[in-house]
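The following exercises ask the reader to work through a protein model step by step. Each task is followed by a worked solution.

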Amino acid sequence: MLDDHFRDRIALLRSERDFRRAVAGYCQGMIEPSQIVWPSHKLLNQIGRYVVSFMLIHNDYAWRHHGGPRATLTALQAMVGLSHRQTAGFVSTLKAGRFVTAVADPDDARVKCLQASPALVTEIGRSGRLFVVAMDAVAGRDPGRAEGLDGPGRLGELVRRSAAHVLRHGTLIAPFPRVLHFAGRDCGYPLLAALVGAHYAATIPGAPPAAPLSLRGLAERLDVSRAHVGNLLAEAEAAGWIRIADSRLSFFDPTVLAEFEDWAAGQMLFYDDLAAAVLADPPAVRVPDCACTS
């Protein structure tokens, strides 16, 4: 995806006056508490588990709304990077949290398909929708495209189209190794968003206030232990990417910031293009839910 034309679009977007303020809003949204009484930040914000959930939604929506293959566990296991055993274990965890239900295929009740709950769609679609919110802010759109993505129908379709693109072309994250590094840790990506947001809060007029950067504040916000937050911050400090003193960000490596801004700009463009296509189509006709099974 990162051809010269797309890189030119990224550079142009980054030059927009309101770009950094819009990304600051994205960062704030990424660390907002979930509406679910479940440690969803910890559960879903690790790239391996995120990809499983992402592709599960893709398979579910493709099956129920677009005549795609059955959304079985076997199909999911064949398309994600985790082992079959890890994938099955994580899907069991999603079922326990009521993020996923097993439903009987109406054509063959012996076949069980995986159906994503609206809560899972909302959480997995959070980043994509917030990138569209950021693009709305830069473009000055009122109403914005993101308003049309409220609810699991069109948001799930946004996720499905995004996942279909990834299956064909690969992801945008691979060329951004430090963003990928954070995304590979439990809650590492929301932590990176908190750090970028803290930098913007101190440097960009009108940016949202910084989240507390104390171990306790971050641990409570992200639903992880203080020890885990401390380990993540220690890794980043040892790499020379950040310095935190008295719970304040005293240094943020400008090359890491530039990498995150390139990543964010690319995601804003990517999801905004997808959102325009989703909103141009009539809402998908929802296939009636099948009987849930244990």
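## Exercise 1. The hairpin of β3 and β4

D246 is exposed, with a relative accessibility of 73%. The structure is a predicted model.

**Task.** Determine where D246 lies and what its phi is, and then describe S247 in the corresponding terms.

**Solution.**

Step 1. Locate the residues. D246 is part of the loop between β3 and β4, and S247 is found in the loop between β3 and β4 as well.

Step 2. Describe the strands on either side. Strand β3 (residues 242-245) and strand β4 (residues 248-252) run antiparallel and are joined by 4 bridges. One of the pairs is I242 with F252, its bridge partner in β4. The hairpin has 2 residues between the strands.

Step 3. Read the backbone angles. Most residues other than glycine have a negative phi. D246 is not a glycine, yet its phi is positive, at about 55 degrees. S247, also a residue other than glycine, has a positive phi near 65 degrees.

Step 4. Assign the exposure. The class "exposed" requires a relative accessible area over 50%, and D246 meets this at 73%. S247 has a relative accessible area of 38% and is therefore partly exposed.

## Exercise 2. The hairpin of β1 and β2

**Task.** State how β1 is paired with β2, and explain why β1 is described as largely enclosed.

**Solution.**

Step 1. Establish the pairing. Strand β1 (residues 100-105) and strand β2 (residues 108-116) run antiparallel, with 6 bridges joining them.

Step 2. Identify a bridge pair and the connection. A104 has K112 as its bridge partner in β2. The two strands are joined by a hairpin through 2 residues.

Step 3. Consider burial. Of the 6 residues of β1, 5 are buried, so the strand is largely enclosed by the rest of the structure.

## Exercise 3. Two helices against α14

**Task.** Describe how α1 and α11 are each oriented relative to α14, and list the residues that make each contact.

**Solution.**

Step 1. Take α1 with α14. The axes of helix α1 (residues 4-14) and helix α14 (residues 254-280) come within 9 Å and cross at roughly 110 degrees. Angles of 65 to 115 degrees count as roughly perpendicular, so α1 is roughly perpendicular to α14.

Step 2. List the residues of this contact. From α1 come F6, R9, I10, L13 and R14, which meet A258, E261, D262, A265, G266, M268, L269, F270 and D273 in α14. By class, the contact comprises 8 nonpolar, 1 polar and 5 charged residues.

Step 3. Take α11 with α14. Helix α11 (residues 188-203) packs against α14 at an angle of about 110 degrees, and the axes are 11 Å apart. This makes α11 roughly perpendicular to α14.

Step 4. List the residues of the second contact. On the α11 side are Y189, L192, V196, H199 and Y200, and on the α14 side are L257, F260, E261 and W263. The residues of the contact of α11 with α14 divide into 7 nonpolar, 1 polar and 1 charged.

## Exercise 4. Three residues and their surroundings

**Task.** For V23, R64 and Q46, decide whether each is buried or exposed, and name contacts made by each.

**Solution.**

Step 1. Apply the cut-off. A residue is buried when its relative accessible area is under 20%. V23 is buried at 1%, R64 is buried at 5%, and Q46 is buried at 16%.

Step 2. Place V23. This residue lies in helix α2 (residues 19-30). Leaving aside residues up to four places away in sequence, V23 touches Y200, F260, A264 and M268.

Step 3. Place R64. The residue belongs to helix α4, and its side chain makes a polar contact with the side chain of D60 at 2.6 Å.

Step 4. Place Q46. This residue lies in the loop between α3 (40-44) and α4 (47-66). A polar atom of the Q46 side chain lies 3.0 Å from the backbone nitrogen of G48, and the side chain of Q46 also reaches the backbone oxygen of G184 at 3.2 Å. Not counting residues up to four places away in sequence, Q46 touches A183, G184, R185 and D186.

## Exercise 5. A peptide bond

**Task.** Which configuration does the peptide bond from D142 to P143 have, and where is P143 found?

**Solution.**

Step 1. Recall the usual case. Most peptide bonds are trans.

Step 2. Examine the bond. From D142 to P143 the peptide bond is cis, with omega near 5 degrees.

Step 3. Locate the proline. P143 is found in the loop between α8 (126-139) and α9 (152-169).

Terms used. Residues are numbered from 1 along each chain as its sequence is written. This is a predicted model: local features need pLDDT of at least 70, side-chain atom pairs count only at pLDDT 80 or more; totals for chains, interfaces and linings use all residues. Side-chain values use heavy atoms; hydrogens and water are left out. Buried means under 20% relative accessible area, exposed over 50%, partly exposed in between (1.4 Å probe, protein chains only). A polar contact is a pair of N or O atoms within 3.5 Å; within protein, one must be able to donate a hydrogen and the other to accept it, and residues adjacent in sequence count only if both atoms are side-chain atoms. Contact means heavy atoms within 4.5 Å. Two strands pair if DSSP finds at least two bridges between them. Axes are lines fitted to C-alpha atoms, for helices over the stretch in contact, and angles run from 0 to 180 degrees between N-to-C directions. Angles under 35 degrees count as roughly parallel, over 145 as roughly antiparallel, 65 to 115 as roughly perpendicular and the rest as oblique. Ala, Val, Leu, Ile, Met, Phe, Trp, Tyr, Cys and Pro count as nonpolar, Asp, Glu, Lys and Arg as charged, and the others, Gly among them, as polar.
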